[in-house]
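Student: I would like a close look at a single part of this model, the internal space and the helices that surround it. Could you take me through that part in one connected account, adding whatever else helps to place it?

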Amino acid sequence: MDISAILEDIREHWHIYATMPFIAALIGYITKRVAIEMMFRPLEFVGIRPFLGWQGVIPANSRRMATTAVDLLTKNLVDPQEIFSRLDPEEMVKELEEPLLKAVEDVTREVMEQYQPRLWELLPARAQRMLVDQVRAQAPKVVARLMREVSTNIDEVLDVNEMLINAMVRDKSLTCRLIKEVATPELRFIARSGIWFGFVIGLIQFVAWALTKQPLIMPIFGFVTGFVTDWLALKMIFYPREPRRFLFFSWQGMFQKRRQAVAKDYGALIADEVLTVRNVMEAVLTGPKSDKLFAMITREVQRTIDAQASIAKPLVALTVGGVQYQEMKKAAAEKAIAYLPETVKHVESYATDALDVRNTIVTKMQQLTPLEFEGILRPAFQQDEWKLIAVGAVIGGLVGELQVLLLLH
């Protein structure tokens, strides 16, 4: 080994040697940025299946990601029964009073005009008003009874897991946002870490090239830079789970260290975009278990009509035609159900405050073990992180080969 010849070569080509650690740092940064973007973009597959193409790792696995996130949510953070028991039936009725009574009056008039038009026309206005008022007086009690039954048996009318998973799968950007916004500092760290890791590897590359002048050195080091920096950055996010000390130094995985901030961001996203009152209402009214809710409503409406028929003289006449009476009860229930979506919108603000999903999640997340806490973000990386590392390594190798061409030619 001729040291003087090596030093002479460094002096002669110093500008090339000087660029090596900086180019390695650039490789480290670029490979990280590409890896991060490939996690989230594109939302839909671009290319020719099954030969060539790509879809963001998270959108491509949105159902698996959503299922994992929802399992964590319902097992460790949110108990649907406990959450929905916070709704006070009396308070719900109070919030619904105006639209509820309007709906009841409309339903009563429509049904009477449809099934007993002659009787309805013969009744004086005062008698019509008395009949409507009797039904309206029963409505709050019926709704409160329904609310108590629903809140204590929420599983019968709402599949919370299916609702949450469908919301996240239907909107792939929501699944991406759930991870991206919660893990913004970690993703930023991954990108920036590529600069420092790459620079250090570039210094080693500097020495290796000076000693060997082997063209393979550059692509090999580029490959190693991309591979090692991606691997290290991902590990440093999650490990160690517990704080470790060495002399005067203490370190811990970034994600674990940010537990309080993560809990706050995660709770806000779930409360504002996933487990929302609007999503719950939609799932209750249109989900696979909605028929059970409608059966409850039908039963209560028909029970109310029967009660009124026995005490209200104008309605006694309705008991004469048995078949028509049953049709009338069925029509009343159907009309009541049709008014439901518009009516329940008026209770959204109260229900959001009463459920208090955000603070519940934040509090429960503080109680998770480090391993459980890691499960919030880790599934986004774990199964497919080898793809991201491999892409980083390949890009690094290609840039290294470009370096060789520049150095030799």
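**The largest cavity and its surroundings**

Tutor: Pro 42 is found in the loop between α2 and β1 (46-48), and this proline is joined to Arg 41 by a cis peptide bond whose omega is about -10°. That loop is a convenient place to begin, with the caution that the model is a predicted one.

The α2 helix, which covers residues 14-40, also carries Phe 22, while Phe 199 belongs to helix α12 (residues 184-212), so their pairing ties together parts that are 177 residues apart in sequence. The count of aromatic pairs comes to two. In the pair of Phe 22 and Phe 199 the ring centres are 5.3 Å apart and the planes stand at 75°, and because planes over 60 degrees apart count as edge-to-face, this pair is edge-to-face.

Turning to the internal space, the structure holds four cavities of 30 Å³ or more, and the largest cavity contains about 1000 Å³ of space. Its lining is made up of 47 residues, and those that lie nearest the centre of the cavity are Leu 100, Val 143, Leu 146, Ile 297 and Leu 340. By character, the lining of the largest cavity divides into 40 nonpolar residues, six polar residues and one charged residue.

At least two lining residues each are supplied by α6 (89-115), α8 (125-152), α9 (154-157), α16 (277-286), α17 (290-311), α19 (322-344) and α20 (348-355). Within the lining of the largest cavity, the largest share is that of α8, which provides 10 residues.

Two of the helices that contribute to this lining, α16 and α20, also pack against each other, with an angle of about 110° and with axes 9 Å apart. Since angles of 65 to 115 degrees count as roughly perpendicular, α16 and α20 are therefore described as roughly perpendicular to each other. Their contact brings Val 277, Arg 278 and Met 281 of α16 up against Glu 348, Ala 351, Thr 352 and Leu 355 of α20. The residues of this contact of α16 with α20 divide into four nonpolar, one polar and two charged.

Following the chain past α20, one reaches the loop between α20 and α21 (357-365), where Asp 356 lies. Asp 356 has a phi near 50°, a positive value in a residue other than glycine.

Note on methods: Residues numbered from 1 in each chain as written. Predicted model: local features only at pLDDT ≥ 70, side-chain atom pairs only at ≥ 80, totals over all residues. Heavy atoms only, no water. 1 Å grid on protein atoms, 1.4 Å probe; cavity = no way out; pocket = protein on both sides within 12 Å on 5 of 7 lines; lining within 4 Å. Points joined across faces, edges and corners; volume = space filled by probe spheres on them. Helix = DSSP H or I, 4+ residues; strand = E, 2+ residues; numbered from the N terminus. Nonpolar A, V, L, I, M, F, W, Y, C, P; charged D, E, K, R; others polar. Axes fitted to C-alpha atoms, helices over the stretch in contact; angles between N-to-C directions. Parallel < 35°, antiparallel > 145°, perpendicular 65-115°, else oblique. Contact = heavy atoms within 4.5 Å. Phe/Tyr/Trp six-rings, centres within 6.5 Å; stacked < 30°, edge-to-face > 60°.
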